Amino acid sequence: MSHLSWGLLFVIPVVIVLLALLGIHPLVSITLLGQVLLTSQVTIPTLAIALALNVGGALSYLVSPFEGAIFLISDLADVPPTTVAIKYNGWFGLWFGYVRIIGVNSK
């Protein structure tokens, strides 16, 4: 794969997470990005696109303060949802994202 393909595979999960932090559900952004990428003229293998979309979805469910599980945990712990999403899950999310993005791009 070319350097442009590697960069695009890195950007896909980041875009999904940023959209989730803005309040757009990850399922919507995954579906839209997947359709756009599969109909475009990029030379990235379909499996790599699917893995990047899945990594973005997993990360967005982990660090978005708008997800249901984050609301439940924050209510049980009596802390704000942003504390659970960013402070508690943030480091694991960064580690997971780094390992998975490098894993997707090494194929």
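This section describes the helical architecture, a nonpolar surface patch, one helix pair and several individual residues of a predicted model.

The chain contains 6 helices and 0 strands. Read from the N terminus, its elements follow the order α-α-α-α-α-α. The C-alpha trace extends over about 50 × 25 × 15 Å along its principal axes. Of the 107 residues in the chain, 36% are buried. The accessible surface amounts to about 6,600 Å², and carbon and sulfur atoms account for 73% of that area. When contacts between residues at least 6 apart in sequence are considered, 63% of them connect residues at least 24 apart.

A nonpolar patch of about 1,100 Å² is present on the surface. The residues forming this patch are W6, F10, V11, V14, L18, L21, I86, F92, W95, Y98, V99 and I102. Two helices, α1 (3-21) and α6 (90-105), each provide at least two of the patch residues. The greatest contribution comes from α1, which supplies 6 residues. One of the patch members, W6, is located in helix α1. Its relative accessibility is 40%, and W6 is therefore classed as partly exposed, a class that covers values between the 20% limit for buried residues and the 50% limit for exposed ones.

Helix α1 also contains I16. In contrast to the partly exposed W6, I16 has a relative accessibility of 0% and is therefore counted as buried. Apart from residues up to four places away in sequence, I16 touches S29, I30, L33, L53, G56, G57 and S60. Helix α2 spans residues 26-39, and helix α3 comprises residues 46-63. The C-alpha atoms of I16 and T39 lie 18 Å apart, with a sequence separation of 23 residues.

The contact between I16 and S60 leads to a second buried position. S60 is situated in helix α3, and its relative accessibility is likewise 0%, so that S60 is counted as buried. Beyond neighbours within four places in sequence, the contacts of S60 are with I16, V17, A20, P26 and E67.

The loop between α2 and α3 holds I44. With a relative accessibility of 8%, I44 falls in the buried class, for which the limit is under 20%. The C-alpha atoms of I44 and A77 are separated by 43 Å in space, and the two residues by 33 positions in sequence.

Further along the chain, helix α4 (residues 68-77) and helix α5 (residues 81-88) have axes that come within 8 Å of each other and cross at roughly 105°. The two helices are therefore roughly perpendicular, since crossing angles of 65 to 115 degrees fall in that class. On the α4 side, the contact is formed by I70, F71, I73 and S74. The α5 side contributes P81, V84 and A85.

The loop between α4 and α5 includes D78. This residue has a positive phi of about 60°, although D78 is not a glycine. The relative accessible area of D78 is 71%, and the residue is therefore exposed, the limit for this class being over 50%.

The next loop, between α5 and α6, contains N89. Unlike the exposed D78, N89 is counted as buried, its relative accessibility being 19%; this value falls in the buried class because the limit is under 20%. Not counting residues up to four places away in sequence, N89 touches L62, V63, I70 and V84. Among these partners, I70 of α4 and V84 of α5 also take part in the contact between the two helices. The C-alpha atoms of N89 and A52 are 20 Å apart, and 37 residues separate the two along the chain.

Key:
Residues numbered from 1 in each chain as written. Predicted model: local features only at pLDDT ≥ 70, side-chain atom pairs only at ≥ 80, totals over all residues. Heavy atoms only, no water. Patch = residues over 30% accessible without salt bridge, like charges linked within 9 Å, V, L, I, M, F, W, Y side chains within 5 Å. Areas by Shrake-Rupley, 256 points an atom, 1.4 Å probe, with all protein chains shown as cover. Salt bridge = Lys/Arg side-chain N within 4 Å of Asp/Glu carboxyl O. Helix = DSSP H or I, 4+ residues; strand = E, 2+ residues; numbered from the N terminus. Buried < 20%, exposed > 50% of the residue type's maximum accessible area, 1.4 Å probe, protein only. Axes fitted to C-alpha atoms, helices over the stretch in contact; angles between N-to-C directions. Parallel < 35°, antiparallel > 145°, perpendicular 65-115°, else oblique. Contact = heavy atoms within 4.5 Å.
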